[in-house]
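Student: I've got the model open and would like to go through the labels people put on it. Can we take them one at a time, with the reasoning spelled out?

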Amino acid sequence: MFVHVDLDSFFVAVERARRPALIDRAVVIGGRPGSRGMVAAASREARRLGVRAGMPLAEASVRCPNGVFLDGAFDAYFEASRRVDEVLRRETSDIEWQSIDEVFLALPVRSRPISRPRSWADIVEGIQRGIQALGFDASCGLARSKLVARIASQLGKPRGVVHVLDGYEARFLSPLKIEMLPGIDMTVAHRLRAAGIRRLGQIAKLTEGQLSLLAGRAGGTLARQAIGIDSSRIRRTALPPARIRESALEAPSASPAIVTSALRAEAERLGRDLRSRAVFARRMTIRVGFADGRVESRSAPLKEPTALDDALLAAAMELLARVWNGERLIRAVGLSCAGLLAGETDGSLFPLRC
């Protein structure tokens, strides 16, 4: 059984735990008003005013002129995430951190040898209470597949637990918008909507030929996901991911040389961060902010665990090619790594020097 735990407004919650005076205030994290960066997180009060993650800070300061703008204390966020990790490991070691505020668990058949086994929901609610005791809220999804568990946690926001019973996955997904499917290619989504397909249940009814026409080679996978079929398993991680770094370009650009230079700086910073913490990464995520305000992300496993700048840059360039064809103006790029493992577990995979 899989559980997806999404830490609600995590960065804001950590800041409020550090500074209670921020409670009920509109909080925007990412930098000072009017600077060239992007919003990393926003409180519910700021979101009501139209502020969203990935929005330029200059625009956020216009929408939320009386908000509290913070640079962000990423070391504090990582430490809080590590404390959450301790709560999770009381139940299972099958843990896969996706980002600093998002994690998958695989629960064992019996959590511990007791005469009256707890239900799956009892276990998840216990995890949720443990996280709340740290001062944070979490939404949890419980299902037979990672895909369905992740969607369930999104529907459980805020602070809810959604349990999708075994055998009810297709019925649960059927009325949901196609955009609820994690990682769906936006180009495919646009084609589906243009064909009048707006719900996951409609995808499940398409023929193989129709799927091929609308989604190409991804059609078969899309059809399986639309009814909740997902064979992926937990890839154990020892630690939460490295902190997210973002770099705003001097000016929006479509120059390959300028974008590559910014990405190289990000890879080098990320590499230093990994090496300073004596960890190596198995997965990378790129986040690209375009001049039109759109933000796109892509993730992929690394060819081999690494903390080396060149390997990180090569992986970043491959991900960049999946979201950018060289035509749209880019205003910012960011990289993060997941699947972190302690470096001492295999000396041959970790460089000796920082």
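Tutor: Sure, and let's start with pairing: two strands pair if DSSP finds at least two bridges between them. In strand 12, for instance, Val-333 is the bridge partner of Val-288. Keep in mind that this is a predicted model.

Student: What makes strand 10 and strand 12 a pair, then?

Tutor: The cut-off is at least two bridges, and strand 10 (residues 279–290) shares eight bridges with strand 12 (residues 330–338), in the antiparallel sense. That passes, so they pair.

Student: How do you know that strand 10 pairs with strand 13?

Tutor: Here the count is two bridges, antiparallel, with strand 13 covering residues 341–342. The rule says at least two, so two bridges are enough. One bridge to look at joins Val-279 to Ala-342 in strand 13.

Student: And what makes strand 11 a partner of strand 10?

Tutor: Eight antiparallel bridges link strand 10 to strand 11 (residues 295–306). Val-288 turns up again, with Glu-296 as its bridge partner in strand 11. The two strands form a hairpin with four residues between them, where Gly-293 has a positive phi near 95°.

Student: Why is strand 10 called mostly covered?

Tutor: Nine of its 12 residues are buried, and buried means under 20% relative accessible area.

Student: Moving to the other end of the chain, why is helix 1 called largely enclosed?

Tutor: Helix 1 takes in residues 10–18, and seven of those nine residues are buried, so the rest of the structure largely encloses it. The buried ones are Phe-10, Phe-11, Val-12, Ala-13, Val-14, Glu-15 and Arg-16. They pack against strand 1 (2–7), strand 2 (27–29), strand 3 (41–42), helix 2 (44–47), strand 4 (68–70) and helix 4 (74–88).

Student: What sheet do strands 2, 3 and 4 belong to?

Tutor: An open sheet of three strands, in the order 3-2-4, with mixed pairing. Helix 1 lies across those strands, at about 115° to strand 2.

Student: Why are strand 3 and strand 4 called edge strands?

Tutor: Each of them pairs on one side only. As for strand 2 and strand 4, they pair in the parallel sense over three bridges, and Ile-29 stands opposite Leu-70 in strand 4.

Student: How many aromatic pairs are there?

Tutor: Three by the centre-distance rule. Take Phe-10 and Phe-136: the ring centres are 5.3 Å apart and the planes sit at 70°, so the pair is edge-to-face. The cut-offs at work are centres within 6.5 Å and planes over 60 degrees apart. Phe-10 is in helix 1 and Phe-136 is in the loop between helix 5 (120–133) and strand 7, 126 residues apart.

Student: What makes Phe-10 and Phe-136 buried?

Tutor: Phe-10 has a relative accessible area of 2%, and Phe-136 is at 2% as well. The limit is under 20%, so both count as buried.

Student: Why is the Phe-11 and Tyr-77 pair called stacked?

Tutor: Its planes are 10° apart with 4.3 Å centre to centre, and stacked needs under 30 degrees. Phe-11 sits in helix 1 and Tyr-77 in helix 4, 66 residues apart. Phe-11 is buried at 8%, and Tyr-77 is buried at 0%. Together, Phe-10, Phe-11, Tyr-77 and Phe-136 form one aromatic cluster.

Student: How do you know that Leu-142 is buried?

Tutor: Leu-142 is at 0% relative accessibility, so it counts as buried. Leu-142 lies in strand 7 (residues 138–143). The C-alpha atoms of Leu-142 and Phe-2 are 5.8 Å apart, though 140 residues separate them along the chain. Beyond its sequence neighbours within four places, Leu-142 has contacts including Met-1, Val-3, Trp-120 and Val-164.

Student: Last one: how do you know that the radius of gyration of the chain agrees with a compact globule?

Tutor: For 354 residues, a compact globule would come out near 20 Å, and this chain has 21 Å, which agrees. The C-alpha trace spans about 60 × 50 × 50 Å along its principal axes, and 48% of the residues are buried.

How values were computed: Residues are numbered from 1 along each chain as its sequence is written. This is a predicted model: local features need pLDDT of at least 70, side-chain atom pairs count only at pLDDT 80 or more; totals for chains, interfaces and linings use all residues. Side-chain values use heavy atoms; hydrogens and water are left out. Buried means under 20% relative accessible area, exposed over 50%, partly exposed in between (1.4 Å probe, protein chains only). Contact means heavy atoms within 4.5 Å. Axes are lines fitted to C-alpha atoms, for helices over the stretch in contact, and angles run from 0 to 180 degrees between N-to-C directions. The radius of gyration is taken over C-alpha atoms; the globule rule is 2.2 Å times the number of residues to the power 0.38. Rings of Phe, Tyr and Trp (its six-membered ring) pair if their centres lie within 6.5 Å; planes under 30 degrees apart count as stacked, over 60 as edge-to-face and the rest as tilted.
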